[in-house]
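Open the model in a viewer and keep the selection panel at hand. The stops below go from a protein interface to the DNA strands.

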Protein chains: 4
Amino acid sequence: MSTDGQAATSAGRPRSEEAHAAILDATLELLVEVGYPALTVEGIATRAGVGKATIYRRWSSKLPLVIEAFGQLPALEEADTGDLVADLESMLRSYVRVFNSTPLGSVYPSLVGDCANDPELGKLLSPLLMERRRPLVHAFERAVARGELGPEIDLELAADMVVGPIAVRVFFSDRRLNPRIVPRLVQVALEGIRNSARGGSA
Amino acid sequence: MSTDGQAATSAGRPRSEEAHAAILDATLELLVEVGYPALTVEGIATRAGVGKATIYRRWSSKLPLVIEAFGQLPALEEADTGDLVADLESMLRSYVRVFNSTPLGSVYPSLVGDCANDPELGKLLSPLLMERRRPLVHAFERAVARGELGPEIDLELAADMVVGPIAVRVFFSDRRLNPRIVPRLVQVALEGIRNSARGGSA
Amino acid sequence: MSTDGQAATSAGRPRSEEAHAAILDATLELLVEVGYPALTVEGIATRAGVGKATIYRRWSSKLPLVIEAFGQLPALEEADTGDLVADLESMLRSYVRVFNSTPLGSVYPSLVGDCANDPELGKLLSPLLMERRRPLVHAFERAVARGELGPEIDLELAADMVVGPIAVRVFFSDRRLNPRIVPRLVQVALEGIRNSARGGSA
Amino acid sequence: MSTDGQAATSAGRPRSEEAHAAILDATLELLVEVGYPALTVEGIATRAGVGKATIYRRWSSKLPLVIEAFGQLPALEEADTGDLVADLESMLRSYVRVFNSTPLGSVYPSLVGDCANDPELGKLLSPLLMERRRPLVHAFERAVARGELGPEIDLELAADMVVGPIAVRVFFSDRRLNPRIVPRLVQVALEGIRNSARGGSA
DNA sequence: TCGTAAGCGAGACGGTACGTCGAGTCTTGCT
DNA sequence: AGCAAGACTCGACGTACCGTCTCGCTTACGA
């Protein structure tokens, strides 16, 4: 008899948003302080001033909790200077900086590794990771709009061409990547993207 | 230097090579069967028919053991057809295949994640990971030797340009990557590498 | 008696007598079904169709609730045949029967054990336990009135002399006491009570 | 190839007798300090300087552990003065004293109550409780040997006749029983035992 | 007749202990 | 000295209840 449309609020005391936020905050703090492998639900509960049951009522285990907390983190900070090269270099540099200077760089692969054995969780993490490189895709879109690049560009591939080589080094080779390779990398990647779009050498 | 022979062979019963191999085998088997997060030293010992102490006598913890077992795995199978494009496409396709169809794809990031919090272990893992993409570098070296590419090429960067975009997708986006993007990717990467080596558009 | 009425009736909704009864009933049912150690307030609330708060509004904890529920149970069913021996034997037999065939036998000592660490609760339980053997005392009183026993009898002691040996066996030795010892026990106890009342052998 | 007859000592490190003893000691200490209901396995483990697993390896739960610890306690201290009345009075007085002055008196009924729902555990506790009143039975045996009592006496019943009324009061009525009733009780009980043995009044 | 004050079922809250499991270490007797 | 076996301490796991605290509601009373 009304236009309420609400979900009936279900009986009983509603879940505390305070507790929810405190848990996510504590998770991120501890992630930074002790790293993912040493992260414990017990520790999170203590830090958040919350009972363990309150955590398990919301998340079935440590992993989805960390994924949600991780999702709260700011993504790649978007740069929009009007110039594609400048945009990409700026964003990649900030990318390298974050992974060099915060323990969050180690959370990334841990999460991926732990999710790999559980497709359900993978589905939670994947879109989140995709979302995080969206600023790169946007930079290419703007370049296309400005006429810097032809409209036939594969935006996803272009983004992966610039972020892939960085990611591969940052995760799988020597820690503390030197950010000086960023300009060279951007140059090579853009050269390939531009030329092969026009037909390439093949 | 006369009676040197071995490193003094030290007194007592020598370590069993059988046990050593059995442990590494059991580790790989279990890695495949249950995945890295569910891997336990106790399980490895049982499977190998070995006491836990025998494992800890050789490896200080689970991680270096897994790293050594991981190192036993065959690397990227080298392709040498005389044509750079063919070589790269063949190797990347096998790369995608392995990560799509074996649990090895999950071990990789797990290892990296766990190592990230212990630099000592990172030093064990890093060279191993570098070694695994060596076939890619070799393909570029052969191309340079054949004159397909100029000698001023940055081989490491070149390798990362082709493997990076693949790796980034295989690990961080939708599982089960479609291998059809391989030729397009190789084309774009080579275009960039070739052109920017000659001075590029910058 | 004019304006006194009740104890101010206090404002607000009165406590539901339905809920009260449902709680006590549920308590007894569960006591029988799962036993005292496995009895939970949560279970009682669910069974009674009542919120936990409604229970805690009336009883400070599980123990006083169980004590009150326990108090609702029928006491030793009084036998009055005109003959002391017959009365005692009848009542003791029913005593043995109840403790052999219902979980009430386990509630008794559990209650006592839990009360022992809280004198306040002990004060609630004690009179209740005293009340339950009152029929035995009455039987002796009637025997005195009939002249079967002299008036100098210590009624409490007499009651304990007949119920004590039974209780001690029912609680602390082999479960499922054989009721055939009842007549012999009554005989011995009465013999002692009668003789020592007249001065005894001391 | 020998007459060893041992149980082969089974492989592996043998269970530590030190730990075993430390656990039982800690259990008794805590039983006295905090009482049975507040006794926790975690507390015992901490006090004993032992891991929880070491406790659960030996006892399936708190109850059998407490039963075993309880079994270590000294029984009713035997009195042998050559006179039945003196023996009984002495032992009963010590019985009353223990229950009046130590928290162990509360452990007794708690144990019985918790065992009542598990026949398997009851079988562990029962013989132990029987054993504890053995000194009373012995006193009657000596009296028979001395000719104080006829040989047709039912020793078990006799023991229960003296301890039952005490037990029933100590457990189920007012805490802190007055030991002055002991002589009177012994007198009444013995009177009954002696007279009904000769045929009684029935 | 209506507010106001309590009681109501429901269920989340911070805690505490449970019983299990795995890590890495230690102690048997045997090789 | 190494070996398999298995107990050791430690500490986190995820679950279950405790006794308390909101929720939105119902129910009586007194203004």
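How much area do chain A and chain B bury between them? In this predicted model, the two chains bury about 3800 Å² between them, with 64% of it on carbon and sulfur atoms.

**Stop 1: chain A against chain B**

Select chain A and chain B and show the residues in contact. Chain A contributes 45 residues and chain B contributes 46 residues. There are 2 salt bridges between chain A and chain B. For one of them, select Arg169(A) and Asp160(B): their side chains form a salt bridge at 2.3 Å, N to O. Four elements of chain A each give two or more residues to the side that touches chain B: helix H6 (104-115), helix H7 (119-132), helix H9 (155-172) and helix H10 (181-197). Colour H9(A) separately, as the largest share of that side, 12 residues, comes from this helix. By class, the side of chain A that touches chain B has 21 nonpolar, 15 polar and 9 charged residues.

**Stop 2: chain C and chain D**

Hide the first pair and select chain C and chain D. A turn of 179 degrees, with a shift of 0.0 Å along the axis, lays chain C on chain D with an RMSD of 0.3 Å. The two copies are therefore related as by a two-fold rotation axis. To place that axis in the view, select Gly192(C): of the residues of chain C, its C-alpha comes closest to the axis, at 1.6 Å. The same surface serves both copies, and 98% of the contact residues of chain C recur in chain D.

**Stop 3: DNA strand E**

Now select DNA strand E and the protein residues near it. The strand is surrounded by 41 residues, and the closest are Arg57(A), Arg58(A), Thr54(C), Arg57(C) and Tyr56(D). Of the atoms of DNA strand E that come within 4 Å of the protein, sugar and phosphate account for 68%.

Which side chains of chain D should be labelled here?

- Tyr56(D): a polar side-chain atom lies 2.2 Å from a phosphate oxygen of DNA strand E.
- Lys52(D): a polar side-chain atom lies 2.7 Å from a base oxygen of DNA strand E.
- Arg13(D): a polar side-chain atom lies 2.9 Å from a base oxygen of DNA strand E.

Next, colour by helix. H3(A) gives the most to the surface near DNA strand E, with 4 residues. By class, that surface has 12 nonpolar, 14 polar and 15 charged residues.

**Stop 4: DNA strand F**

Move to DNA strand F. Here 40 residues surround the strand, and Tyr56(A), Thr54(B), Arg57(B), Thr54(D) and Arg57(D) are the closest. Sugar and phosphate make up 68% of the atoms of DNA strand F that come within 4 Å of the protein.

Three phosphate contacts are worth displaying. Thr54(B) has a polar side-chain atom 2.5 Å from a phosphate oxygen of DNA strand F. For Thr54(D), an N or O atom of the side chain is 2.5 Å from a phosphate oxygen of the strand. For Tyr56(C), the corresponding distance to a phosphate oxygen of DNA strand F is 2.6 Å.

To finish, colour the surface near DNA strand F by residue class: the residues divide into 13 nonpolar, 13 polar and 14 charged.

Note on methods
Residues numbered from 1 in each chain as written. Chains lettered and ligands numbered in written order. Predicted model: local features only at pLDDT ≥ 70, side-chain atom pairs only at ≥ 80, totals over all residues. Heavy atoms only, no water. Near = heavy atom within 4 Å. Polar contact = N/O pair within 3.5 Å; in protein donor to acceptor, adjacent residues only side chain to side chain. Nonpolar A, V, L, I, M, F, W, Y, C, P; charged D, E, K, R; others polar. Least-squares fit on C-alpha atoms with pLDDT ≥ 70 in both. Contact = heavy atoms within 4.5 Å. Buried area = accessible area lost by both parts, 1.4 Å probe. Salt bridge = Lys/Arg side-chain N within 4 Å of Asp/Glu carboxyl O.
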